[in-house]
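Work through these exercises with the model open beside you. Try each task before reading its solution.

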Amino acid sequence: MTFPALADRVWCRLRLDRIAGGRQADHVIQREMLEHPATIRSFRWIRWLLVAETVVGLAAIVVAVVLTRDGQTVPWAVWFRATVVLLITMTLYLFAWRAQLGYSWAYQRLRLFSRIFPIVTLVVAAIPGLYPFWMVIEQILFSVLMVGIGDVLTSDHMRTTFPKPPRSTRS
């Protein structure tokens, strides 16, 4: 059994789609749309953008470590932000994985977060004196990458591939 198949099996066994997806947890898109070349290409772009976000997040931690080792004081906000960016990115990997398997809830979450995170990040980066200049640049890069993910997710093809699920009749 491959690692992705094993991970999916464990994920399903723990019923985590139900927890994360709520009422729409079982809604999966049509297989032919999932296997469409444009869908495959879109998820490839999303993975590369997430890898770039991971690199940006790790670079922020490396810069903070180097500055600390050189005797400079690195504000607590920098450590917190760098850690949160990596945790957010891991969550986005999870959503991308489930969306790539056809789960509409994961696509919707990924699309929502790709719209919200850049706004929040840029607003926080604009607070004078909160972060050093290099961290503000990191936040801008993070936002640009998130906007790229949002752009891929809101393409005509992806919106057609992941139509809004029908309302659940369960209570």
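**Exercise 1. A pair of stacked rings**

Task: Begin with phenylalanine 113. Is its side chain buried, partly exposed or exposed? Then find out how its ring sits against the ring of phenylalanine 117.

Solution.
- Step 1. Phenylalanine 113 has 22% relative accessibility, so it counts as partly exposed.
- Step 2. The ring centres of phenylalanine 113 and phenylalanine 117 are 5.1 Å apart, and the planes meet at 10°, so this pair is stacked. The cut-off for stacked is planes under 30 degrees apart.
- Step 3. Both residues lie in helix α6. They are 4 residues apart, about one turn of the helix.
- Step 4. Phenylalanine 117 has 18% relative accessibility, so it counts as buried. The cut-off for buried is under 20%.

Keep in mind that this is a predicted model.

**Exercise 2. From one pair to a cluster**

Task: How many aromatic pairs does the whole structure hold? Which helices does the pair of phenylalanine 95 and phenylalanine 113 tie together?

Solution.
- Step 1. A search of the whole structure gives 6 aromatic pairs.
- Step 2. In one of them, phenylalanine 95 meets phenylalanine 113: the ring centres are 5.5 Å apart and the planes lie at 20°, so the pair is stacked.
- Step 3. Phenylalanine 95 belongs to helix α5 (residues 76-100) and phenylalanine 113 to helix α6, so the pair ties together parts 18 residues apart in sequence.
- Step 4. Phenylalanine 95 is buried, at a relative accessible area of 8%.
- Step 5. Now join the pairs up. Ring pairs link Phe95, Trp105, Phe113 and Phe117 into a cluster.

**Exercise 3. Charges over rings**

Task: Which ring does the charged end of arginine 81 sit over? Which ring face does arginine 98 lie over?

Solution.
- Step 1. The charged end of arginine 81 sits over the ring of phenylalanine 142. The distance to the ring centre is 5.0 Å.
- Step 2. Arginine 98 lies over the face of tryptophan 97. Here the distance to the ring centre is 4.5 Å.

**Exercise 4. Salt bridges**

Task: How many salt bridges does the structure hold? Describe the partners.

Solution.
- Step 1. Recall the principle. Side chains of opposite charge can pair when their charged atoms come close.
- Step 2. The structure has 2 salt bridges.
- Step 3. One joins the side chains of arginine 31 and glutamate 35, at 3.7 Å from N to O. Arginine 31 is exposed, at 52% relative accessibility.
- Step 4. Another joins aspartate 156 to arginine 159, with the closest N and O atoms 2.6 Å apart. Both residues lie in helix α8 (residues 156-161), 3 residues apart, about one turn of the helix.
- Step 5. Check accessibility. Aspartate 156 is exposed, at 58%, and arginine 159 is partly exposed, at 38%.

**Exercise 5. An arginine without a partner**

Task: Why does arginine 111 have no salt bridge? What does it touch?

Solution.
- Step 1. Locate it. Arginine 111 is in helix α6 (residues 104-125).
- Step 2. Arginine 111 is buried. Its nearest side chain of opposite charge is aspartate 156, 9.3 Å away.
- Step 3. Apply the cut-off. A salt bridge needs the nitrogen and oxygen within 4 Å, so arginine 111 has none.
- Step 4. Leaving out residues up to four places away in sequence, arginine 111 touches Leu153, Thr154 and Arg159.
- Step 5. Now look at aspartate 151, in helix α7. Aspartate 151 is exposed, with a relative accessible area of 55%. Aspartate 151 and arginine 111 are 40 residues apart in sequence, and their C-alpha atoms are 9.0 Å apart.

**Exercise 6. The cores and the whole chain**

Task: Which helices each supply at least two residues of the largest nonpolar core? Then describe the chain as a whole.

Solution.
- Step 1. The largest nonpolar core has 28 residues. Ile46, Leu92, Leu110, Ile149 and Leu153 have the most contacts inside it.
- Step 2. At least two residues of this core come from each of α3 (31-34), α4 (37-69), α5, α6 and α7 (133-153).
- Step 3. Zoom in on leucine 110. Its contacts beyond four places in sequence are Ile46, Leu92, Phe95, Ala96, Ile149 and Leu153.
- Step 4. A second, separate core has 11 residues, including Ala64, Leu67, Ala125 and Tyr131.
- Step 5. Step back. The chain has 8 helices and 0 strands. Of its 171 residues, 39% count as buried.
- Step 6. Take the contacts between residues at least 6 apart in sequence: 78% of them join residues at least 24 apart.

How values were computed:
Residues numbered from 1 in each chain as written. Predicted model: local features only at pLDDT ≥ 70, side-chain atom pairs only at ≥ 80, totals over all residues. Heavy atoms only, no water. Buried < 20%, exposed > 50% of the residue type's maximum accessible area, 1.4 Å probe, protein only. Lys, Arg positive; Asp, Glu negative; His and termini not counted. Contact = heavy atoms within 4.5 Å. Phe/Tyr/Trp six-rings, centres within 6.5 Å; stacked < 30°, edge-to-face > 60°. Lys NZ or Arg CZ within 6 Å of the ring centre and 35° of its normal. Core = buried A, V, L, I, M, F, W, Y, C linked by side-chain atoms within 4.5 Å.
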